[in-house]
Every structure is written in C-alpha cells, then in structure tokens.
Amino acid sequence: MRAYGDLPDEDLRTRLAWFLEAAEAREEYWQRSEDLERDAAAGTTHGREFAARANVALTAAEALLTRAREETDAALAAEQKAKEMRSQYDQTAAARKAGHVKLALAFSTKKG
C-alpha cells in the first residue's frame with residue numbers, strides 16, 4: 001500500500017496542484033486582509049493615498065501653468081514694445097534721412 005492512498009499518480013498531481021493554488025490564494029487573501037486592516041487603523045486607503053499624490057501633481061501643474069501664462073503675457077508685452085520701438089526708430093531714421101537731403105541741397109544750390 002502507498003503512503004498517499006490508492007490514487008493514481010496523475011490524480012495525485014492534480015490534487016497537489018489544486019491544493020498549492022488554494023494555499024497561494026489563501027495567503028494572498030490574508031495579506032490583503034492585513035493590508036486593509038492596517039490602512040483602516042491608520043485611517044488611510046489606497047484611494048486616499050492616490051488622491052493625495054494626484055493633488056500634489058495637480059497643484060504643481062497649476063503652478064507651472066500660471067507661470068507659463070505669466071511668461072507668455074510678458075513675451076507678448078515685450079513683442080509689442082519692440083514693435084513700438086522699431087516704429088519709432090523707423091520714423092527717426094526717415095526724418096534723419098530727409099534732414100540730410102535738405103542739408104545737402106542747401107549746400108549744393110547756387111545763389112545768384
């Protein structure tokens with residue numbers, strides 16, 4: 001007589017595999033139960049932890065967005081100021097050129 005009864009080897013392997021899977025499932029169940037009890041005792045949950053991390057990320061993103069908007073506004077203001085300055089420069093250059101032409105004509109005309 002065999003030590004494991006009169007089961008054939010194939011049935012014995014099948015039962016052994018089933019018992020091993022059941023033992024692993026039971027161990028995972030106990031581990032998760034302990035995790036949930038520990039979270040409940042601490043007053044936290046995975047959802048709360050995730051939400052807290054997400055809140056930190058969103059706060060940082062909002063700060064970066066605010067800074068980007070401020071930088072964009074500053075860049076637009078600088079662009080507008082540059083356009084104004086370029087226009088003033090062009091007007092000054094045109095006036096200076098006209099002045100040089102008048103001056104050159106004044107010295108080149110013959111008075112009779």
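Mentor: Before anything else, accessible areas here come from the Shrake-Rupley method with a 1.4 Å probe, and for residues only the protein chains shown count as cover. On that footing the chain has an accessible surface of about 10,500 Å², 60% of which belongs to carbon and sulfur atoms. Keep in mind that this is a predicted model, where local features need pLDDT of at least 70 and side-chain atom pairs count only at pLDDT 80 or more, while totals for chains, interfaces and linings use all residues. Residues are numbered from 1 along each chain as its sequence is written, and side-chain values use heavy atoms, with hydrogens and water left out.

Trainee: Fine. What does the secondary structure of the chain come to?

Mentor: There are 2 helices and 0 strands. Both terms mean DSSP runs numbered from the N terminus: H or I over at least four residues for helices, E over at least two for strands.

Trainee: What makes the span of H1 close to the expected one?

Mentor: The expected span is 1.5 Å times one less than the number of residues. For the 34 residues of H1 that gives 50 Å, and the model reaches 49 Å from first C-alpha to last, so the two are close. After H1 comes Gly-43, with a positive phi near 80°.

Trainee: Why is H1 called hardly covered?

Mentor: Buried means under 20% relative accessible area, exposed means over 50%, and partly exposed is in between (1.4 Å probe, protein chains only). Among the 34 residues of H1, the count of buried ones is 2. Over the 112 residues of the chain, buried residues make up 2%.

Trainee: Why is the pair Trp-18 and Phe-19 called edge-to-face?

Mentor: Rings of Phe, Tyr and Trp (its six-membered ring) pair if their centres lie within 6.5 Å; planes under 30 degrees apart are stacked, over 60 edge-to-face, and the rest tilted. The count by this rule is 2 aromatic pairs. Trp-18 and Phe-19 have ring centres 5.0 Å apart and planes at 75°, so edge-to-face it is. Tyr-29 and Trp-30 are edge-to-face too, at 5.3 Å centre to centre and 70° between the planes.

Trainee: Which label does Tyr-29 get, buried or exposed?

Mentor: Exposed, because its relative accessibility is 51% and the cut-off is over 50%. Trp-30, at 48%, counts as partly exposed, whereas Trp-18 is exposed at 53%.

Trainee: How do you know that Glu-28 and Arg-32 meet in a salt bridge?

Mentor: The rule asks for a side-chain nitrogen of Lys or Arg within 4 Å of a carboxyl oxygen of Asp or Glu. Here N to O is 2.9 Å, so the pair qualifies. Both residues lie in helix H1 (residues 9-42), 4 residues apart, about one turn. An α-helix has 3.6 residues a turn, so residues three or four places apart point the same way. Glu-28 is partly exposed at 42%, and Arg-32 is exposed at 54%.

Trainee: How many salt bridges does a search of the whole structure find?

Mentor: It finds 3. Arg-38 and Asp-35 make one at 2.3 Å, N to O; they sit 3 residues apart in H1, and Asp-35 is partly exposed at 22%. Asp-90 and Arg-86 make another at 3.4 Å, 4 residues apart in helix H2 (residues 46-108).

Trainee: Why does Asp-39 have no salt bridge?

Mentor: Lys and Arg count as positive, Asp and Glu as negative; His and the chain ends are not counted. The nearest side chain of opposite charge, Arg-38, is 5.1 Å away, and the limit is 4 Å, so no bridge is called. Asp-39, in H1, is buried all the same.

Trainee: Which residues is Asp-39 in contact with, leaving aside its neighbours within four places in sequence?

Mentor: Thr-44, Thr-45 and His-46, where contact means heavy atoms within 4.5 Å.
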